[in-house]
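Student: I have a new structure to look at. Can you walk me through it?

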Amino acid sequence: MIRNIALCFHGIGAPPAGIPADERSYWISENLFASFIADAPSKAKALGVNLLATFDDGNRSDLDIAAPILAKYGLSGTFFPCTGRLARRGYLSEDDLRCLSAMGFQIGSHGVDHVSWTELNTEELNREIVDSKDELEQILGAKVQAAAIPFGHYNRRVLAALKAAGYTQVYNSDRGFGYVGRWQTRRWTYTSEEKFDLESLVSMSNSLGRRVILEVKGIIKALR
């Protein structure tokens, strides 16, 4: 079975003034990001994994920095903007999303307002999951099939709502390998507070104890 290592990035470069304080530790310097991506294809091949690069929140650096670097090294990417942030200072606009799509990158939903979906009532959850999807489809003139769950918070209600909305691929924040054909894909999220290199991510993903714990935690969350 093909093993995927899905990477979750947020902003690239220096965070603009408007970025919330609790999101700043998830930003990676441009030099570090470029170095990581330059080495990633050869390292992924040597480690026997398929690399997936994803970007949450819809920061403007997705288009200005991340996309050109991915294109330079022949890596695909999926971008998950929050529709409520579109066109705000420091964030992507509708034209930016169309540009990313025209470059061959996938666009998915990260909701509207970057809130935890497990804490919402039915109407609020529908707005985050369904309305954001509808808005992105109108902007792009194409189906939006992927969603990234904010904060990695999910439960039975959230998963059922995503299924009902027609998403065919859902990305969470449960660390470990992802596998082709599974509806949910685990991701490793970059943070400036932890070591983040491909060898260590694959090594930790290979740990039997870690895999068992992840499976149990995922089942518990999905049944809540």
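**Surface and overall shape**

Tutor: About 10500 Å² of the protein is exposed, and carbon and sulfur atoms supply 52% of that (Shrake-Rupley method, 1.4 Å probe; for residues, only the protein chains shown count as cover). This is a predicted model: local features need pLDDT of at least 70, side-chain atom pairs count only at pLDDT 80 or more, and totals for chains, interfaces and linings use all residues. Residues are numbered from 1 along each chain as its sequence is written, and side-chain values use heavy atoms, with hydrogens and water left out.

Student: What share of the residues is buried?

Tutor: Buried residues are 50% of the 224 in the protein, where buried means under 20% relative accessible area with a 1.4 Å probe, protein chains only.

Student: How many helices and strands are there?

Tutor: The protein has seven helices and nine strands. These are DSSP runs numbered from the N terminus: helices are H or I with at least four residues, strands are E with at least two.

Student: Ok, new topic. Which order do the strands take in the open sheet?

Tutor: The order is 5-6-8, three strands with parallel pairing; two strands pair if DSSP finds at least two bridges between them.

Student: And which ones are the edge strands?

Tutor: Strand 5 (146-148) and strand 8 (184-185), each of which pairs on one side only.

Student: How many bridges join strand 5 to strand 6?

Tutor: Three, and strand 6 covers residues 169-171. Ala146 stands opposite Gln169 in strand 6.

Student: What box do the C-alpha atoms fill?

Tutor: Roughly 45 × 40 × 35 Å, along the principal axes.
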